Amino acid sequence: MSRIVTNVQSLVAQRVLGTQNKQLNQALTRLSTGLRINSGSDDPAGLIASESLRSEKVAIGAAIDNANRADNVLAVAEGALVEVNRLLLDLEDLIDRSASTAGLSQQELDANQAQVDAILQSIDRIANTAQFNGTKLLGGGFDFTTSGVTGADISSVRVNAAKIPEGTTRSVNVEVVNGSTFASVSAVGGGAAGVLSAATTLEIRGNLGSEIFSFASGTTQADIATAINSSSQLTGVSASTINVAGTDHVRFSSTQYGSDSVVSVQVVGSTGRIAIDGTDTTTDHASSNNGTDGTVVINGTQANVDGLKASVRTGSLDVDLLLDATFGGSTTAVNSSFDIVGGGARFNIAPEVSLVGMETIGIQSVSTASLGDNADGFLSTLASGGTNDIKSRNFASAQRVVEKAQDQISGLRGRIGGFQRNTLDTAVNSLLIALENTAAAESAIRETDFAETTSALTRAQILVASSTSTLQLANAQPQSVLSLLQ
């Protein structure tokens with residue numbers, strides 16, 4: 001080489017050495033951080049993808065935490081309900097024992113009433129004190145609130161779950177296409193002017209039990225109806241006088257609606273005449289009839305109907321309704337509507353904050369003023385001075401109230417347990433799998449492959465050393481020009 005101002009070989013060696021040093025530094029950085037992408041210049045597209053996956057991992061982790069927290073909340077509520085259920089069992093035991101009045105003194109009955117009062121107070125205390133992180137769980141704070149319910153159409157509304165966008169309401173339209181019917185049997189006595197022509201003994205059977213009635217010849221059908229109605233609480237059958245085609249009848253009707261309701265009227269002996277729904281014959285001595293379940297449509301979905309009870313279970317609405325007898329038993333199509341305006345326990349158990357990922361559950365109040373129903377009364381009526389206290393001797397009614405309360409508590413525990421098992425547990429399992437796969441995808445994009453990077457480091461070290469030696473030679477080569485000056 002005869003030129004010394006510009007050492008091209010040195011420039012080439014410097015460029016190559018710089019490149020090799022950059023690769024060496026990159027390998028060292030990746031090995032020290034464990035990440036293949038440490039800046040956007042390492043892999044712009046990979047950085048975008050990995051950051052998106054990182055965001056998704058954070059969202060999935062938050063959803064898992066939310067689901068676990070929801071499970072903790074419901075576990076506290078369920079634990080309190082276990083105690084309420086135990087108290088209700090004690091309450092039923094007291095009612096059943098107190099019904100045997102002939103074997104108990106007044107002091108014992110008073111003591112039983114004192115225990116009943118203490119149990120009711122304990123139930124109210126649990127309802128008002130069961131809480132999680134300062135939030136009361138069983139006092140009705142997590143119950144859904146409704147507006148516009150027409151009491152003449154719908155006796156009670158229980159919203160178990162409803163997805164309602166923030167700041168809006170959900171309308172619920174209830175259409176009775178065909179009303180439910182009660183069981184009924186009509187009977188005629190065979191005498192003139194609606195009286196029995198002969199002594200007649202009838203066995204009346206309904207949903208609650210059976211009873212035998214003996215009527216003398218000449219008994220009016222109005223008196224027959226009065227006698228039947230006096231035992232309605234024992235049989236589940238009521239009676240009324242009707243006129244069909246000019247003939248007076250006694251209509252025996254179930255006190256309940258639906259296919260489970262039954263009325264059976266049997267003549268004991270050979271006298272009397274029995275007919276179904278006004279068809280008078282002299283040969284039938286026993287007749288029975290069942291009611292029917294109607295057809296109800298709620299928000300376009302055909303509801304499950306059991307007498308006057310209608311329920312629908314969809315992903316956006318889970319509601320149980322008790323229809324009024326006039327509305328639910330209507331012979332023509334009728335409809336009614338109301339709004340769900342808010343409430344419920346809301347849990348976001350999906351990575352996206354949206355209505356789709358939001359799950360809700362309604363937790364009704366379990367106070368003594370809420371357990372029970374309008375038909376038989378509420379649990380609070382068993383307290384001293386109430387219509388179903390021990391002094392009133394309404395033991396059958398009191399037992400039905402307690403059993404209704406037990407059904408409500410058991411149903412609530414079942415819904416909570418189902419929500420924990422079928423919604424929360426499955427969501428957590430699914431999210432954990434999603435977290436694993438998302439982490440694996442993010443790792444494949446962003447993290448260092450140590451085997452590959454170690455190999456790259458070794459190669460870079462050799463090339464740096466080689467480039468350094470080459471640069472030394474390139475820098476020394478111009479010195480050969482001095483030999484020309486000797």
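## A guided tour, starting from the core

Start by selecting L91, L138, L379 and L382: of the 47 residues in the largest nonpolar core, these four touch the most other members. Keep in mind as you click that this is a predicted model.

Now colour the elements that feed this core. Helix 2 (44–98), helix 3 (106–129), strand 20 (345–348) and helix 7 (395–446) each supply at least two of its residues. Which of the elements gives the most to this core? It is helix 2, with 13 residues.

Next, zoom in on L91 and show its surroundings. Setting aside residues up to four places away in sequence, L91 touches V116, I119, L120, L379, L382 and V402. Two of the names from your opening selection, L379 and L382, turn up again here as partners of L91.

When you have finished there, clear the view and select A162, V305, L321 and L323. These are among the 21 residues of a second core, separate from the one you just left.

**Stepping back to the whole chain**

Zoom out and switch to a cartoon. The protein chain holds eight helices and 23 strands. Is the chain a compact globule or more spread out? Its radius of gyration is 41 Å, well over the 23 Å that the globule rule gives for 486 residues, so the chain is more spread out than a compact globule. Rotate the C-alpha trace onto its principal axes and you should find spans of about 160 × 55 × 40 Å.

Colouring by accessibility is a good next move: 39% of the 486 residues count as buried. If you switch on a surface, the accessible area of the chain comes to about 24,200 Å², and carbon and sulfur atoms account for 51% of that. A contact map is worth a look too, since among contacts with a separation of 6 or more, 70% join residues 24 or more positions apart. For the electrostatics-minded, the chain carries 30 positive and 47 negative charges, and the mean positions of the two sets are 13 Å apart.

**A serine in a loop**

Select S367, in the loop between strand 21 (358–361) and strand 22 (372–373). Is this serine buried or exposed? S367 is buried, because its relative accessible area is 15%, below the 20% cut-off. Leave out its neighbours within four places in sequence, and S367 is in contact with D124 and A127.

**Two asparagines to compare**

Pick N133 and check its backbone torsions: phi is positive, at about 55°, although the residue is not a glycine. N133 sits in the loop between strand 1 (131–132) and strand 2 (135–136). With a relative accessibility of 69%, N133 counts as exposed.

Then jump to N299, another non-glycine with a positive phi, here about 50°. Its loop runs between strand 14 (295–298) and strand 15 (301–302). How accessible is N299? At 36% relative accessibility, N299 counts as partly exposed.

**Last stop: where the sequence meets itself**

Finish by selecting Q479, in the segment after helix 8 (450–476). Q479 counts as exposed, with a relative accessibility of 55%. Add I4 to the selection and draw a distance between the two C-alpha atoms: Q479 and I4 are 8.4 Å apart in space, while 475 residues apart in sequence.

Definitions and conventions:
Residues numbered from 1 in each chain as written. Predicted model: local features only at pLDDT ≥ 70, side-chain atom pairs only at ≥ 80, totals over all residues. Heavy atoms only, no water. Helix = DSSP H or I, 4+ residues; strand = E, 2+ residues; numbered from the N terminus. Buried < 20%, exposed > 50% of the residue type's maximum accessible area, 1.4 Å probe, protein only. Contact = heavy atoms within 4.5 Å. Rg over C-alpha atoms; globule rule 2.2 N^0.38 Å. Areas by Shrake-Rupley, 256 points an atom, 1.4 Å probe, with all protein chains shown as cover. Lys, Arg positive; Asp, Glu negative; His and termini not counted. Charge placed at Lys NZ, Arg CZ, Asp CG, Glu CD. Core = buried A, V, L, I, M, F, W, Y, C linked by side-chain atoms within 4.5 Å.
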